[in-house]
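Q: Please take a close look at the nonpolar core of this model and at the backbone and side-chain details that go with it. A single connected account would suit me.

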Amino acid sequence: MNDPLSELPLEKLRLRTSAKWRSYPPDVLPLWVAEMDVPLAGPVVRALTKALARGDTGYAMGPEYVAALDAFARKRWGWDGVAPERAAIVPDVMLGVVEVLKLITGPGDAVVVNCPVYPPFYAFLEHLGRRVVEAPLDAGHRIDQAALDDAFGRAAAGGRRAAYLLCSPHNPTGTVHTARELAAVAELAEAHGVRVVADEIHAPLVLPGAEFVPFLSVPGAERGFSLLSASKAWHLAGIKAALAVAGPAAAGELARMPVEVGHGASHLGVVAHVAALLHGGDWLDAVLAGLDDRRRLLAELLARHLPEVRYVPPEATYLAWLDCRRLGLGDDPAAVFLERGRVALTGGMPFGTGGAGHARLNFATSREILTEAVRGMAAARR
Ligand SMILES: Cc1ncc(COP(=O)(O)O)c(C=O)c1O
């Protein structure tokens with residue numbers, strides 16, 4: 001199969017009307033929000049086209065999404081933990097996180113996050129009235145168990161209910177947590193009485209050399225929750241749907257979530273996600289091969305044009321976390337790349353402690369666009 005990331009020229013991409021293409025003037029190359037520059041997988045297009053022809057545009061319901069994720073999880077990850085009695089359709093991953101946190105914590109309770117982390121974690125937790133407690137990743141972008149122990153202690157102080165919103169794989173660093181790390185997390189969480197909610201939206205995007213381990217598959221994770229979706233890996237963020245999956249000891253709590261929450265998902269989203277999970281494996285493999293190429297190309301381009309930037313190629317995702325502090329462009333280098341280089345990255349500061357002086361680059365694009373973008377960034381340095 002051809003590289004889906006090479007198929008669309010810039011002039012076609014610019015016809016898109018989604019956030020990636022709408023937020024900046026037409027002379028800016030957008031490599032920011034997590035949308036991919038790919039045409040949709042054939043099976044997804046066919047499933048959507050058939051649904052539209054049927055007028056099959058009512059509310060989302062039924063067992064197909066859970067069954068499709070179950071089949072995908074068994075095949076890709078050798079995991080048999082997705083069961084209908086422990087899963088629920090939710091509108092999307094972030095709203096699923098919010099609904100799960102409502103089941104296990106109350107107003108004013110703390111939720112621990114590993115900063116720097118996906119900015120909506122802060123936005124949604126604050127909007128929900130939860131206190132955010134930061135446990136920074138270590139210098140190698142891995143979970144720092146001592147920092148987590150400390151954060152769990154603070155979060156659960158006084159016997160309060162507390163949760164840990166784990167990002168697995170981690171956005172923005174692309175860290176893939178190992179089975180050993182996750183088992184240590186589960187043990188620590190149990191010791192402190194902290195409930196783990198794993199955002200595993202990037203799980204299908206683990207690149208060659210790393211292996212995804214579902215949090216709920218590790219010992220001690222029976223009381224945990226996971227949020228999964230086809231949205232990131234198949235470029236379906238605009239046709240929303242996701243699944244909340246509970247560990248065996250948390251199924252009763254998930255059952256308390258009103259079934260109406262699932263009506264917030266798009267039925268067309270469910271149709272598309274099911275087709276992706278059941279029939280989009282070859283397409284996903286082609287995307288992963290393309291991303292593997294781009295993460296290496298980005299290393300070459302940075303070494304040539306911007307050697308001061310520190311970049312550790314991610315183990316998963318299409319996101320590159322760039323440490324730009326040695327460029328001397330201040331706390332928000334993305335603002336300078338935009339203004340002087342006409343390239344839009346995501347600024348690091350909203351990612352929390354550790355984000356200043358950093359920028360996140362989305363390399364899910366063609367070699368040409370990525371090359372052009374790094375040239376633009378280099379031109380911004382003067
Ligand atoms: C870690 C993480 N969680 C959640 C989301 C958003 O997912 P959704 O649109 O399903 O809420 C993203 C999007 O990039 C993400 O990176």
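A: A residue counts as buried if 20 or more other C-beta atoms lie within 10 Å of its own, as exposed if 12 or fewer do, and as partly exposed in between. The model discussed here is predicted. R342 has 18 other C-beta atoms within 10 Å, so R342 is partly exposed. This arginine sits in the loop between helix 12 (333–341) and strand 11 (343–344), and its phi is near 55°, a positive value in a residue other than glycine.

H141 can be described in a similar way. Phi of H141 is near 70°, again positive in a residue that is not glycine. H141 belongs to the loop between strand 4 (131–134) and helix 7 (145–155). Because H141 has 18 C-beta neighbours inside 10 Å, it counts as partly exposed.

Now to the core itself. The largest nonpolar core holds 134 residues, and the members that touch the most other members are L69, V112, V194, V196, V197, L243 and A244. Helix 10 (residues 267–279) gives the most to this core, contributing 8 residues. At least three core residues come from each of domain 1 (4–41 + 281–380) and domain 2 (45–279).

L243 gives a closer view of the packing. Leaving aside residues up to four places away in sequence, L243 touches Y65, V66 and L69, then A87, A88, I89 and V90, and also L228 and S229. One of these contacts, L69, is itself among the core members that touch the most others.

V90 leads on to a charged residue, since E99 touches V90, M257 and V261 when residues up to four places away in sequence are not counted. E99 lies in helix 5 (residues 93–104). With 22 C-beta neighbours inside 10 Å, E99 reaches the cut-off of 20 and therefore counts as buried. From E99 to A83 the separation is 16 residues in sequence and 19 Å in space, C-alpha to C-alpha.

Two cis peptide bonds complete the backbone details. One joins C115 and P116, with omega about -5°; P116 is in the loop between strand 3 (110–113) and helix 6 (120–127). Another joins S168 and P169, with omega also about -5°; P169 is in the loop between strand 5 (162–167) and helix 8 (179–192).

Notes. Residues numbered from 1 in each chain as written. Predicted model: local features only at pLDDT ≥ 70, side-chain atom pairs only at ≥ 80, totals over all residues. Core = buried A, V, L, I, M, F, W, Y, C linked by C-beta atoms within 7 Å. Helix = DSSP H or I, 4+ residues; strand = E, 2+ residues; numbered from the N terminus. Domains from an automatic or database assignment. Contact = placed C-beta atoms within 7 Å.
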